[in-house]
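Me: I'd like to go through the labels on this model and see what each one rests on. Can we take them one at a time?

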Amino acid sequence: MKTALITGITGQDGAYLAKLLLKKNYKVYGLYRRVSTPNFWRLQALDIYDRVNLISGDLSDLSSILNAFKASQPDEVYHLAAQSFVEASFESPLSTADVTGLSVTRILEAVKLFSNSTKVYFAGTSEMFGSSYTGEPLNENHPFNPMSPYAAAKLYGYWISKIYREGYGIYVASGILFNHESPLRGMEFVTRKIANEVAKINLGLEKKIHLGNINARRDWGYAPEYVEAMHSMLQLDKADDFVIATNETHSVEEFVKYAFDYIKEDYRDYLEIDKRFIRPLDVPALQGDYSKAEKTFKWKPETKFRELVNMMVKAEIDRWKRYTEGEKFAWDVPNYPNENNLLKTY
Ligand code: NDP
Ligand code: GDR
């Protein structure tokens, strides 16, 4: 039986990956951070809360990481934990640099000092490409031009991984994953925000939807398929970097349109632009070329864009119906500031 340690097990990808690894008969450990209100709702939603071993700790704290290694003795580490919200990285650039960037070195040092044969997955991102996209789908050889403190921190993680791979022979694979979504996506990210607002409008609980840059284009895939690629990357003999994407690009406006199509409404009747959601800098467009992953470990995306939009809106409508009928779980409670009480500092 293989043992895996997942940092960020309470996040979208961590939860789906834990489910996948349990199915593959792994013993799964997860590093989670202590918060004032427990947030294991994704593990509960996937019905795996009782099947994972949870270790409390914070990424900023080297001893947390060392303790997690000691307790789990992992064959594979999936380093997913990060301050992952690009917008928030403009508000908290220093802690983002620490948690999203420097923590990668903490993980790699733990491997170097204590368990040189442990394989590591680093959660790289298409945000590292930043302004590089010129119409040709981005692959592993395109240059990086980060446009946010988040992307700069991830780029640090990407390069330090390469340095430990080449300098110390540590197996560390970097996935360069493009946006991937699901009904378990964090509520502030644009896809879940749109799905949630559209569901509320459909049920008469909301009147308008407020968004920022609706011209931004992203390559959006379905998260459970992307965590399969993470696992495949660690089964290869040699560590490498791989783009995981759908090779399609769609605008935020298209996402909104399709979401309103699902409830048979015209999005133009509901959409309002709110400057608070416009970032100081924003990657204009992204599209990824996943052919290296397809060739090396036969990965390709299955879920199409419209299917993803429909799935997410349906999940929100079902959730709000359950909520209004009186069924209350932690994840049914709106958990982010709304347009009335949200103050931006950048
Ligand atoms: P989420 O934001 O859903 O999850 C992030 C996880 O990191 C959560 O479990 C969070 O804990 C944890 N975390 C944050 N700060 C700390 C800390 N200081 N100490 C310990 N744990 C911490 O992200 P996703 O699941 O969507 O993404 C997983 C990884 O992949 C991230 O590194 C992200 O940057 C990267 N990525 C994501 C993409 C996507 O489209 N989803 C695309 C490309 C890369 P808590 O639950 O307590 O907040
Ligand atoms: P992104 O995801 O920044 O691509 O990072 P997000 O969903 O936050 O934004 C996508 C695009 O939508 C535009 N946008 C808005 N975004 C949010 N969140 N809220 C709004 O109201 C809004 N209006 C327009 C944004 O400006 C942006 O252009 C995600 C994260 O998961 C990262 O961790 C990951 O690395 C990348 O995807 C790949």
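**What the labels rest on**

Me: Why are helix 7 and helix 9 called roughly parallel to each other?

Reply: Bear in mind that this is a predicted model. The axes of helix 7 (residues 190-202) and helix 9 (residues 252-262) cross at roughly 30 degrees. Angles under 35 degrees count as roughly parallel, so helix 7 and helix 9 get that label. Their axes come within 10 Å, and the crossing is right-handed.

Me: Which residues of helix 7 and helix 9 meet?

Reply: On the helix 7 side they are Val190, Thr191, Ile194, Ala195 and Val198. Their partners in helix 9 are Val252, Phe255, Val256, Ala259 and Phe260.

Me: And what makes helix 7 and helix 11 oblique to each other?

Reply: Here the axes cross at roughly 50 degrees and come within 8 Å. Roughly parallel needs an angle under 35 degrees, and roughly perpendicular runs from 65 to 115. The angle fits neither, so helix 7 and helix 11 are oblique. As for handedness, helix 7 passes helix 11 in a right-handed crossing.

Me: Where do helix 7 and helix 11 meet?

Reply: Helix 7 brings Thr191, Arg192, Ala195, Asn196, Val198, Ala199, Lys200 and Asn202. From helix 11 come Met312, Val313, Glu316, Ile317 and Trp320. Ala195 in helix 7 is also among the residues that meet helix 9.

Me: How do you know how helix 3 lies against helix 5?

Reply: From the axes again: they come within 10 Å and cross at roughly 45 degrees. That makes helix 3 oblique to helix 5, because an angle under 35 degrees would be needed for roughly parallel. Helix 3 passes helix 5 in a right-handed crossing. Leu62, Ile65, Leu66 and Phe69 in helix 3 meet Arg106, Ile107, Ala110 and Phe114 in helix 5.

Me: What is the reach of helix 5, set against the expected span?

Reply: Helix 5 (residues 93-114) has 22 residues and reaches 31 Å from its first C-alpha to its last. The expectation at 1.5 Å a residue is 32 Å, and the reach is close to that. Even so, helix 5 bends by about 40 degrees at leucine 102.

Me: Is leucine 102 buried or exposed?

Reply: In between. Leucine 102 has 16 C-beta neighbours inside 10 Å. Buried takes 20 or more and exposed takes 12 or fewer, so leucine 102 counts as partly exposed. Buried residues of helix 5 include Gly101 and Ser103, along with Ile107 and Ala110. What covers the buried residues of helix 5 includes helix 3 (62-72), strand 4 (76-79), helix 4 (86-91), strand 5 (119-125), helix 6 (149-168) and strand 6 (172-177).

Me: What stands out about the phi of glutamine 73?

Reply: Phi of glutamine 73 is near 45 degrees, which is a positive value in a residue other than glycine. Glutamine 73 sits in the loop between helix 3 and strand 4. With 13 C-beta neighbours inside 10 Å, against a limit of 12 or fewer for exposed, glutamine 73 counts as partly exposed.

Me: What makes lysine 298 exposed?

Reply: Lysine 298 has 8 other C-beta atoms within 10 Å. Exposed means 12 or fewer, so the label fits lysine 298. Lysine 298 belongs to the loop between helix 10 (291-297) and helix 11 (305-324). Its phi is positive, about 60 degrees, although it is not a glycine.

Me: How do you know whether threonine 134 is buried or exposed?

Reply: Same kind of count. Threonine 134 has 8 C-beta neighbours inside 10 Å, and 12 or fewer is what exposed requires, so threonine 134 counts as exposed. You'll find threonine 134 in the loop between strand 5 and helix 6.

Me: And why is glycine 8 called buried?

Reply: The count for glycine 8 is 22 C-beta neighbours inside 10 Å. The cut-off is 20 or more, so glycine 8 is buried. Glycine 8 lies in the loop between strand 1 (3-7) and helix 1 (12-23). Neighbours within four places in sequence aside, glycine 8 is in contact with Gly14, Leu80, Ala81 and Ala82. Its C-alpha is separated by 10 Å from that of glycine 57, 49 residues apart along the chain.

Technical notes: Residues numbered from 1 in each chain as written. Chains lettered and ligands numbered in written order. Predicted model: local features only at pLDDT ≥ 70, side-chain atom pairs only at ≥ 80, totals over all residues. Helix = DSSP H or I, 4+ residues; strand = E, 2+ residues; numbered from the N terminus. Expected span 1.5 Å × (residues − 1). Bend = angle between axes of the 7 residues up to and from the residue. Contact = placed C-beta atoms within 7 Å. Axes fitted to C-alpha atoms, helices over the stretch in contact; angles between N-to-C directions. Parallel < 35°, antiparallel > 145°, perpendicular 65-115°, else oblique. Left-handed = near helix turned anticlockwise from the far one by under 90°.
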